[in-house]
Amino acid sequence: MKTIVIKNNDNERAAIRQTTEILEENLKKGDVILIKPRLRNIRLKIRNFPSFIIGAFTRGITHSCLYLGKGKVLEIGTKFYDKGIKKISLEKLLRIKYASFRGLTIYIVQPKYYKTKHRNLVFKIAINNFLKKSKELTFSYIKIFKEVIKAAFHNSKISRRKEKLTFKKVWNCSDLVAYVLKKSGAKIGKRRTKFFAPSTFLFSKHFKTKKKVVLK
């Protein structure tokens, strides 16, 4: 898989627009988008300390979200103080992340076994279970720290026990994505949703990477 590199060249807006266009050309409804910050110096690491710590346990991948089609994503916890679940444009998501990190690596991944019926169900579940109930739901950084550590040190026998998918009030990005995929019937393995970290979607044998784009 060839990596595409987009350089800022003192025109941040154009670089983000170009990155968005490349991603949208390769995205299909129901795909998973992963973001890895490029924390190149100590100042950025201190300024983005929560992401730096999460990345230490997740091979640098700190965020996951679902593509809804037509340039929109199902997003949760865009910023530390923003705890809502919403539908926003992919370009806006990249703009927010780039403003924080000044460099991103973005991956498009999907389950290896993934049919149109699964993609349609992912969209339906995202709309009906999350967007329509968004005022009742929230994102927790404390929860994501706990779940990321669990994912990093999970016991494989415990994490693969049969799971009853339960709709909750509090979510983090990776268990939300895993929940929606499992609800759709996509085959993503026996790992429980709470043991998914953002990096799981990239390195699990049940997923494949479609595209990698670096925004410098």
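Colleague: Why is strand 4 described as largely enclosed by the rest of the structure?

Modeller: In this predicted model, local features need pLDDT of at least 70, side-chain atom pairs count only at pLDDT 80 or more, and totals for chains, interfaces and linings use all residues. Residues are numbered from 1 along each chain as its sequence is written, and side-chain values use heavy atoms, with hydrogens and water left out. Strands (E, at least two residues) and helices (H or I, at least four) are DSSP runs numbered from the N terminus, and buried means under 20% relative accessible area, exposed over 50%, partly exposed in between (1.4 Å probe, protein chains only). Strand 4 is largely enclosed because the number of its five residues that are buried is four.

Colleague: Which residue of strand 4 stands opposite Leu66?

Modeller: Two strands pair if DSSP finds at least two bridges between them. Strand 3 and strand 4 pair in the antiparallel sense over three bridges, and they form a hairpin with two residues between them, where Lys70 in the turn has a positive phi of about 55 degrees. The residue opposite Leu66 is Leu74.

Colleague: Which residue of strand 5 stands opposite Glu75?

Modeller: Strand 4 runs antiparallel to strand 5 (residues 85-89), and five bridges join them. The residue opposite Glu75 is Lys86.

Colleague: Which element gives the most residues to the largest nonpolar core?

Modeller: A nonpolar core is a set of buried Ala, Val, Leu, Ile, Met, Phe, Trp, Tyr and Cys residues joined through side-chain atoms within 4.5 Å. The largest has 32 residues, and Leu74, Phe130, Leu181 and Phe201 have the most contacts inside it. Elements giving two or more residues to this core include strand 4 (72-76), helix 5 (116-131) and helix 8 (173-184). With seven residues, the element that gives the most is helix 8.

Colleague: Which residues does Leu181 touch, not counting those up to four places away in sequence?

Modeller: Contact means heavy atoms within 4.5 Å. By this criterion, and with residues up to four places away in sequence set aside, Leu181 touches Gly30, Val32, Pro111, Tyr114, Val122, Ala186, Ile188, Phe201 and Phe207.

Colleague: Is Lys117 buried or exposed?

Modeller: Lys117 is found in helix 5. Its C-alpha atom is separated by 8.1 Å from that of Ser184, 67 residues apart along the chain. Because its relative accessibility is 53%, Lys117 counts as exposed.

Colleague: What percentage of the residues of the chain count as buried?

Modeller: The secondary structure of the chain comes to nine helices and nine strands. Of its 216 residues, the share that count as buried is 50%.
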